[in-house]
Amino acid sequence: MEYNRRKTLRSSILLTLTALIWGVAFVAQSEGMNYVGGFTFNASRFLIGGTVLIPCIFLLQKVNAQQWKNLSASGQKSRRKNGIVGGLCCGIFLCAASSLQQFGIAYTTVGKAGFITALYIVIVPLFGLFLRKKVGLNIWISVAIAAIGMYLLCITEDFSIGKGDFLVFLCAIGFSFHILVIDYFSPKADGVVISCVQFFTAGVLSGVMMFLFEKPTWNAVLAAWLPVLYAGVMSCGVAYTLQVVAQKDIEPTIASLLMSLESVFSLLAGWVLLGQKLSAKELFGCVLVFGAIVLAQVPVEMLGRRGGRC
């Protein structure tokens, strides 16, 4: 029992660190736009992230060597195929969502971008309706709370939504599709393989867009080396590896809640590192959005429990 508690505590710490890395990555993305275009930044960081994960694939293969041997030849072939196909599909959605996010951050604050992006936690269950999955009462309440929060966070005095906020909201929808694709392929293949392939896929697609719509130069990329390396090595490589390791020993609901802290860390990072401040109305909107995110992750049976003692 004590051993399990230690493992859970270790996983909680690792996932909190993961959320911190992702939260600060919003600052790196914002700063990177001062030197290079959005497609150039994404191409650079995804290719670096995919490269960082290559050693992790070989390491995990050694760790799980016995499980791999227990699979039949057809089973091994199927997992390889699903890893590649799943990675390609995930990479397409990752490229689209990240591009919307990258360009959106250029027109809004880091803190707002973090909270709006995290709405995918509320959006994903709604998309489940199209897959004939039941949506609990907590999701509908979360949607209502999130809508009010988004109004306070994004709608200006003249009742218009900022360009950056709108792009980041579309990004949250894109990440929702990305999560559903991962959910489909992850049981059928190695998660790190899927992630590595998706990073290279997103990197190549971003590279094509980069040459079509931007004029990248080595000098500009080198000038952005710190935010690019942070986003590539830390956000893509290190944080994903920590997530994979930590989620094995913790409940999915708790894991999702801890990782959603990236929205809070993005707000703090934007304030501390960039001096970006939000108004009282926007901060209250953040509180409501985060409350909706937390509520969306609470199992329905927990909401239905009532105390049996007076």
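**Group meeting: a buried salt-bridge network**

I116 touches M150, L153, C154, D165, V168, F169 and A172, leaving out residues up to four places away in sequence. Contact here means heavy atoms within 4.5 Å. I116 also belongs to the largest nonpolar core, which has 45 residues. Within that core, L53, I116 and L119 touch the most other members. A nonpolar core is a set of buried Ala, Val, Leu, Ile, Met, Phe, Trp, Tyr and Cys residues joined through side-chain atoms within 4.5 Å. There is also a second, separate core of eleven residues, and among them are A239, A246, A255 and L258.

Ground rules, quickly. This is a predicted model, where local features need pLDDT of at least 70 and side-chain atom pairs count only at pLDDT 80 or more, while totals for chains, interfaces and linings use all residues. Residues are numbered from 1 along each chain as its sequence is written, and side-chain values use heavy atoms, with hydrogens and water left out.

Two more terms. Buried means under 20% relative accessible area, exposed means over 50%, and partly exposed is in between, with a 1.4 Å probe and protein chains only. Helices are DSSP runs of H or I with at least four residues, strands are E runs of at least two, and both are numbered from the N terminus.

Now the charges. How many salt bridges does a search of the whole structure find? Two. The criterion is a side-chain nitrogen of Lys or Arg within 4 Å of a carboxyl oxygen of Asp or Glu.

Take D165 with K112. Their closest N and O atoms are 3.2 Å apart. This pair links distant parts of the chain: D165 sits in helix 8 and K112 in helix 5, residues 110-117, with their positions 53 residues apart in sequence.

Next, E282 with K112. Here the closest N and O atoms are 3.5 Å apart. Again distant parts of the chain are linked, with E282 in helix 14, K112 in helix 5, and 170 residues separating them in sequence. The shared partner joins K112, D165 and E282 into one network.

Is that network buried or exposed? D165 and K112 are both buried. E282 and K112 are both buried too. Why does K112 count as buried? Because its relative accessibility is 8%. D165 is at 3%, so D165 counts as buried as well.

What surrounds these residues? K112 touches L153, D165, L278 and E282, neighbours up to four places away in sequence not counted. M150 is 38 residues from K112 in sequence, and the C-alpha to C-alpha distance is 9.5 Å. D165 touches T108, K112, I116, L153 and C154, by the same exclusion of residues up to four places away.

T108 is in the loop between helix 4 and helix 5. T108 counts as buried because its relative accessibility is 13%. Its contacts beyond four places in sequence are A113, G164, D165 and V168.

On to the helices. Helix 8 covers residues 163-185. It has 23 residues and reaches 33 Å from first C-alpha to last, close to the 33 Å expected at 1.5 Å a residue. The expected span is 1.5 Å times one less than the number of residues. Buried residues of helix 8 include D165, V168, A172, F175 and H178. Their cover includes helix 4 (73-105), helix 5, helix 6 (120-127), helix 7 (137-154) and helix 9.

Helix 14 has 17 residues, 280-296, which should span 24 Å at 1.5 Å a residue, and its end C-alpha atoms are 24 Å apart, which agrees. Its buried residues include E282, G285, L288, V289 and A292. An α-helix has 3.6 residues a turn, so residues three or four places apart point the same way.

Finally, the surface. P187 lies in the loop between helix 8 and helix 9. P187 is exposed because its relative accessible area is 60%. Beyond four places in sequence, P187 is in contact with R79 and I182. P187 and R79 are 108 residues apart in sequence, yet 9.3 Å apart in space, C-alpha to C-alpha.

L212 is in helix 9. L212 counts as exposed because its relative accessibility is 59%. L212 joins L47, V204, V208 and F213 in a nonpolar surface patch, with about 500 Å² of accessible area together. Helix 9, residues 191-213, supplies the largest share, four residues. Patch members have over 30% relative accessible area and no salt bridge; like charges are joined within 9 Å, and nonpolar side chains (Val, Leu, Ile, Met, Phe, Trp, Tyr) within 5 Å. Areas come from the Shrake-Rupley method with a 1.4 Å probe, and for residues only the protein chains shown count as cover.
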